[in-house]
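Here is a short briefing on the inside of a protein model. Keep the structure in view while reading.

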Amino acid sequence: MPTISAVARHCRDVGKKLRVLWLDAHADFNTSELTPSGNVHGMPVACLCGHGPQELIEIGGQVPAISPKWVRQIGIRSVDPGEKRFVHEQGLEVFDMRYIDEMGMRQAMELALATLDANTHLHVSFDVDFLDPDIAPGVGTTVPGGPTYREAQLCMEMIADTGRMASLDVVELNPALDLRNKTALVAVDLIESLFGKSTLMRR
């Protein structure tokens, strides 16, 4: 919530559009009325869009901090029942794992990155539980059936290819739950790809 609300304030100050790519297993669009668990970490996108306790939705100084229309969610596969309805009501654009299974990561990312231009600030929120637990077990809320290593690499490389990423946050890596540093190493590898590392030089 603080990073994206700060980015949104920066974009308002400099007159830029904002696009948020939310790479996550979870939609994080619960509210205190909808959540079955009560976990605040399941509410940040809703709070950023103005739905939640005053103390949280006002963090960035403007309510709402962002519009749901600016968000593209990738890799989603765990959404609570009430949250599902709210996602549809608010018009959030979600490329869940079924979409990726059917259409492929390439098409999902082409649509998620469509219409970016020189006046767009691209923020990437990378929750490490976006990845399949087979390659990234070191997170607190694993959900089976996430992107493979190659799908995740394609996702990151396509973001890098735009040249538009201007800010990044990385969350949910938990060393206490990791296996021989496996998750941390994968996360670093993928972050390097976000910043332009690739097998070959690309034009």
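The points below cover the enclosed space first, then the nonpolar cores. The model is predicted. It holds 1 cavity of 30 Å³ or more. Its largest nonpolar core has 29 residues, and a second, separate core has 20.

**The cavity**

- The largest cavity encloses about 40 Å³ of space.
- Its lining includes Met 1 and Ser 5. Cys 47, Leu 48, Leu 56 and Ile 57 also line this cavity. Ile 59, Gly 60 and Ala 65 complete the list.
- Two helices, α2 (44–48) and α3 (54–57), each supply at least two residues of that lining.
- By class, the lining has 7 nonpolar and 2 polar residues. Charged residues are absent from it.

**The largest nonpolar core**

- Six of the 29 members touch the most other members: Leu 23, Ile 74, Met 109, Phe 130, Leu 131 and Ile 159.
- Strands β1 (17–23) and β4 (120–127) each supply at least two residues of this core. So do the helices α5 (97–103), α6 (105–112), α7 (149–162) and α8 (182–194).
- Helix α7 gives the most, with 5 residues.

**Around Ile 159**

- Leaving out residues up to four places away in sequence, Ile 159 touches Leu 21, Leu 23, Met 109 and Leu 113.
- Ile 159 also touches Leu 122, Val 124, Met 165 and Leu 194.

**The second core**

- This separate core of 20 residues includes Ala 46, Ala 65, Ile 66 and Ile 76.
- Ala 65 belongs to this core and also lines the largest cavity.

Note on methods:
Residues are numbered from 1 along each chain as its sequence is written. This is a predicted model: local features need pLDDT of at least 70, side-chain atom pairs count only at pLDDT 80 or more; totals for chains, interfaces and linings use all residues. Side-chain values use heavy atoms; hydrogens and water are left out. On a 1 Å grid over the protein atoms alone, a cavity is a set of points where a 1.4 Å probe fits but cannot get out, and a pocket is an open set with protein on both sides within 12 Å along at least five of seven lines; lining residues have an atom within 4 Å of a point. Grid points are joined across faces, edges and corners, and a volume is the space filled by probe spheres set on the points. Helices (H or I, at least four residues) and strands (E, at least two) are DSSP runs, numbered from the N terminus. Ala, Val, Leu, Ile, Met, Phe, Trp, Tyr, Cys and Pro count as nonpolar, Asp, Glu, Lys and Arg as charged, and the others, Gly among them, as polar. A nonpolar core is a set of buried Ala, Val, Leu, Ile, Met, Phe, Trp, Tyr and Cys residues joined through side-chain atoms within 4.5 Å. Buried means under 20% relative accessible area, exposed over 50%, partly exposed in between (1.4 Å probe, protein chains only). Contact means heavy atoms within 4.5 Å.
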